[in-house]
Amino acid sequence: MPSLAGKTIFITGASRGIGKQIALRCAKDKANIVVAAKTTEPHPKLPGTIYTAAEEIEKAGGKCLPCVVDVRDEEQVIKAFEQAAQKFGGIDILINNASAISLTDTTSTPMKRYDLMHSVNARGTFLCSKVAIPYLKKSSNPHILMNSPPLSLNPFWFKRHVAYTVAKYNMSLYALGLAAELREFGIAVNTIWPKTAIDTDAINLIAGEDYRKKCRRPEIMADAAYAIITQDSRACTGNFFVDEVLLRQQGVTDFDQYSVVSGTTDFMLDFFLDENIPQLQQKKSLQSKQKSETTTSESSNVEQVFNNIKTLLTPELLKKINSVYAFDLQGDLWYLDMKNDNGSVGQGEPPSGKAQCTFKMSKADFQSMFAGKLKPTAAFMGGKLKIQGDLQTALKLEKLLNQMVKSKL
């Protein structure tokens, strides 16, 4: 049986999620793991730092070197590889897992977010791979593995979030090119991508509990990654692997073990797999039909939501938020003034003048958001919510949403 015992694996973005799970799987073989990530202090809502990940890895049987690394910073990346080679005697495997995401259309994508996605996904992957190559050339079975999708030029994957799609595809393009470039040195370069959405703390924070119930656990990606990096690097390179397909080829038959909720069959399908398109289109068509059938009742429900909001406009809350909002709900305009006088709500434009921030979304999603069923971040990243104006002002509105959920209005 293949083993990673004594091998050194450098994993970016491994303080939590899929990256950490891959690290834990490798640790079972008593491998050396380099956790390269930025998180040194606990996030208010996301568990895990490079140090807590290191503790888990060592408890699982591996040795670990936690490194503070922003994959966009060349000096930090070079230093981390030097420290890893010095501590463990070399580097055998690089896993480019770090990634940034924003599922927004062109006009809704701030350039700061665009730069982040392309700096982390594209530049970070290229930089880490570049720095790793001299070390990998000395390994007996060297691998580079990207957490990125198979390449497809189907416009379906571009039309809703072209900036993210291109940023993510850059990782796969580097895999394609590096596989050809490094073949003569016996360095394997492949990609791995999930068939379904994967349950991580970050996704749970963004999308909520209902979403994660239709996901698979990150262990499926860890097992798939392990199956790739334990193969002969000279015989396995230039592939775009999908976790379920690969594991079936490896003889795995029990996939319920990876379900967040046992027995689930209606999984949330992941992006970029052409075979998923018919189901995704069918689901979107069904959602559109359901929305059109409930338009009349939605209008009255929207008015009720704003009436409920009005009861919460206390001086204390107005002082905290101190902003004017506009809502474009399928062409119906509403405003929420939490800045002037005692606050006010109503249809049309804000009486006090231009809103600092405008939310554009469907009436159904508006109701779900103010009922606590749809998180604003999930709506924004999923393309259900478009924001015009100041994003910091938009984030303040979460205080009101939390107040509504607590009050059960």
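Helices α3 (residues 74–88) and α4 (residues 111–136) are a good place to start in this predicted model. Their axes come within 10 Å and cross at roughly 30°. Since angles under 35 degrees count as roughly parallel, that makes α3 roughly parallel to α4. As for hand, the crossing of α3 and α4 is right-handed.

Which residues make the contact? On the α3 side they are E74, V77, I78, F81, E82 and A85, and α4 brings in L127, C128, V131, A132 and Y135. Sorted by character, the residues of this contact come out as nine nonpolar, two charged and no polar.

Now for the sheets. One of them is open and has seven strands, in the order β3-β2-β1-β4-β5-β6-β7, with parallel pairing. Why do β3 (63–68) and β7 (240–242) each have a side without a neighbour in the sheet? They stand at the edges and each has a single partner strand, so one side of each is left free of a neighbour there. On average, neighbouring strands of this sheet are turned by 20° against each other, direction ignored.

Look inside that sheet and you'll find β1 (residues 8–12) running parallel to β4 (residues 93–96), with three bridges joining the two strands. F10 has L94 in β4 as its bridge partner. A helix comes into the picture here too: α1 (residues 17–27) lies across β1, β2 (32–37), β4 and β5 (143–147). Relative to β1, α1 runs at about 170°, and angles over 145 degrees count as roughly antiparallel.

There's also an open sheet of five strands, ordered β10-β9-β8-β11-β12, and its pairing is mixed. Its edge strands are β10 (344–347) and β12 (386–389), each of which pairs on one side only. Neighbouring strands in this five-stranded sheet are turned by 15° against each other on average, again ignoring direction.

How do β9 (residues 332–338) and β10 pair? They go together in the antiparallel sense, over four bridges. Within that pairing, W334 stands opposite Q347 in β10.

Here are the two strand pairs in one place:

| Strand pair | Sense | Bridges |
|---|---|---|
| β1 (residues 8–12) and β4 (residues 93–96) | parallel | three bridges |
| β9 (residues 332–338) and β10 | antiparallel | four bridges |

Conventions
Residues are numbered from 1 along each chain as its sequence is written. This is a predicted model: local features need pLDDT of at least 70, side-chain atom pairs count only at pLDDT 80 or more; totals for chains, interfaces and linings use all residues. Side-chain values use heavy atoms; hydrogens and water are left out. Two strands pair if DSSP finds at least two bridges between them. Axes are lines fitted to C-alpha atoms, for helices over the stretch in contact, and angles run from 0 to 180 degrees between N-to-C directions. Angles under 35 degrees count as roughly parallel, over 145 as roughly antiparallel, 65 to 115 as roughly perpendicular and the rest as oblique. A crossing is left-handed if the near helix is turned anticlockwise from the far one by less than a right angle, and right-handed if clockwise. Contact means heavy atoms within 4.5 Å. Ala, Val, Leu, Ile, Met, Phe, Trp, Tyr, Cys and Pro count as nonpolar, Asp, Glu, Lys and Arg as charged, and the others, Gly among them, as polar.
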